[in-house]
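Hi,

Here is the structure I promised to send over. Have a look at it first, and then read on for what turned up.

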Amino acid sequence: FMAAAADGVRQAVILASGLDARAYRLQWPAGTTVFEIDQAQVIDFKTTTLAELGAAPTAERRTVPVDLRHDWPAALRAAGLDPIKPTAWSAEGLLPFLPPDAQDRLLDNITALSAPGSQLATENLRGASDTIQTMADRIRAVTEQWREHGFDIEMTDLWYVGDRNDVVDYLSGHGWTTSASSIADLLAAQGLSLPANAGADAKPETISELQYVTAKRT
């Protein structure tokens, strides 16, 4: 987001925003509007909770209470998004929770609303079917431990396993210039490395298959 802001982008969209607090904690340039899209009860809970804590947004925050299975592009435009101007998009921690065809529709809708100069941050799971299944198995083991503390949601029921388009290839074929970094790449850029036991309880290749993607609309 801050890289896009440095390029003069003044509208940002957080898809499936959940409890993401970047509209409150980042130092946005003057004139920036941050749109948060999620279901109404999620938005209401976060807005109320942060207000009770005395937190205030650091940009103009506009909430868009809509399920991503519905016509969220129309709701976003109605909230004031200007598709003629470049937009910074966040679709992070989201794609594994979408069926393969819904992933494509999401990326198509983002593309349709993105003027040249728009930027996108998202993830990519190479060899998605096997990688998602491995990650789901790890989450299942963790949630079994959480149940001891009263957490009774089966997280893996929310994940979709199956062949899906590679995000980097898909975006590259739809007018975006893309780059992808692995967890190891990001750590190395900060002078860090993966812990020696990072793959001890899972297939080590799972970590290398997860990529963090940035893309710019050309």
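To start with a small puzzle: is Phe1 buried, partly exposed or exposed? Phe1 is partly exposed, because its relative accessible area is 21%, and the cut-off for buried is under 20%. Before I go further, please keep in mind that this is a predicted model.

Phe1 is a good way into the aromatic side of things. The structure holds two aromatic pairs, and one of them joins Phe1 to Trp28. Their ring centres are 5.4 Å apart and the planes sit at 55°, so this pair counts as tilted; edge-to-face would need over 60 degrees. The partners come from distant parts of the chain, 27 residues apart: Phe1 belongs to the segment before α1 (2-6), and Trp28 to the loop between α2 (22-25) and β2. Unlike Phe1, which is partly exposed, Trp28 is buried, as its relative accessible area is 9%.

The other pair is made by Trp72 and Trp89, with ring centres 6.2 Å apart and planes at 75°, so here the label is edge-to-face. This pair also links distant parts of the chain, with Trp72 in helix α4 and Trp89 in strand β4 (residues 88-91), 17 residues apart. Trp72 and Trp89 are both buried.

Now for the empty space. A search of the whole structure gives two cavities of 30 Å³ or more. The second largest of them has a volume of about 40 Å³. Which residues line the second largest cavity? Phe1 and Trp28 turn up again, together with Ala4, Ala5, Val9, Arg10, Gln11, Ala12, Thr32 and Ala88. Two elements, α1 and β1 (11-15), each give two or more residues to this lining. By type, the lining of this cavity splits into seven nonpolar residues, two polar and one charged.

The largest pocket is another matter, with about 750 Å³ of space. It is lined by 26 residues, and those closest to its centre are Asp67, Leu68, Leu94, Phe97 and Leu98. Which elements give two or more residues to the lining of the largest pocket? They are β2 (33-38), α4 (72-78) and α5 (100-112). The largest share is from α5, which supplies four residues. As for character, 16 of the lining residues of the pocket are nonpolar, six are charged and four are polar.

A couple of spots in the loops may also catch your eye. Ala16, in the loop between β1 and α2, has a phi near 50°, a positive value in a residue that is not glycine. Is Ala16 buried, partly exposed or exposed? Ala16 counts as partly exposed because its relative accessibility is 32%, and buried would mean under 20%.

The other spot is Lys85, in the loop between α4 and β4. Leaving aside residues up to four places away in sequence, Lys85 touches Gln11, Ala115 and Ser118. Gln11 is also one of the residues that line the second largest cavity. From Lys85 to Leu113 the C-alpha atoms are 9.2 Å apart in space, while the two residues are 28 apart in sequence.

Finally, the overall picture. The protein has nine helices and seven strands. It has 218 residues, of which 39% count as buried. How many of the contacts between residues at least 6 apart in sequence join residues at least 24 apart? The share is 75%. The accessible surface comes to about 11400 Å², and carbon and sulfur atoms account for 54% of that.

That is what I have for now. Shout if anything is unclear.

Cheers

Conventions
Residues are numbered from 1 along each chain as its sequence is written. This is a predicted model: local features need pLDDT of at least 70, side-chain atom pairs count only at pLDDT 80 or more; totals for chains, interfaces and linings use all residues. Side-chain values use heavy atoms; hydrogens and water are left out. On a 1 Å grid over the protein atoms alone, a cavity is a set of points where a 1.4 Å probe fits but cannot get out, and a pocket is an open set with protein on both sides within 12 Å along at least five of seven lines; lining residues have an atom within 4 Å of a point. Grid points are joined across faces, edges and corners, and a volume is the space filled by probe spheres set on the points. Ala, Val, Leu, Ile, Met, Phe, Trp, Tyr, Cys and Pro count as nonpolar, Asp, Glu, Lys and Arg as charged, and the others, Gly among them, as polar. Buried means under 20% relative accessible area, exposed over 50%, partly exposed in between (1.4 Å probe, protein chains only). Contact means heavy atoms within 4.5 Å. Accessible areas come from the Shrake-Rupley method with a 1.4 Å probe; for residues, only the protein chains shown count as cover. Rings of Phe, Tyr and Trp (its six-membered ring) pair if their centres lie within 6.5 Å; planes under 30 degrees apart count as stacked, over 60 as edge-to-face and the rest as tilted.
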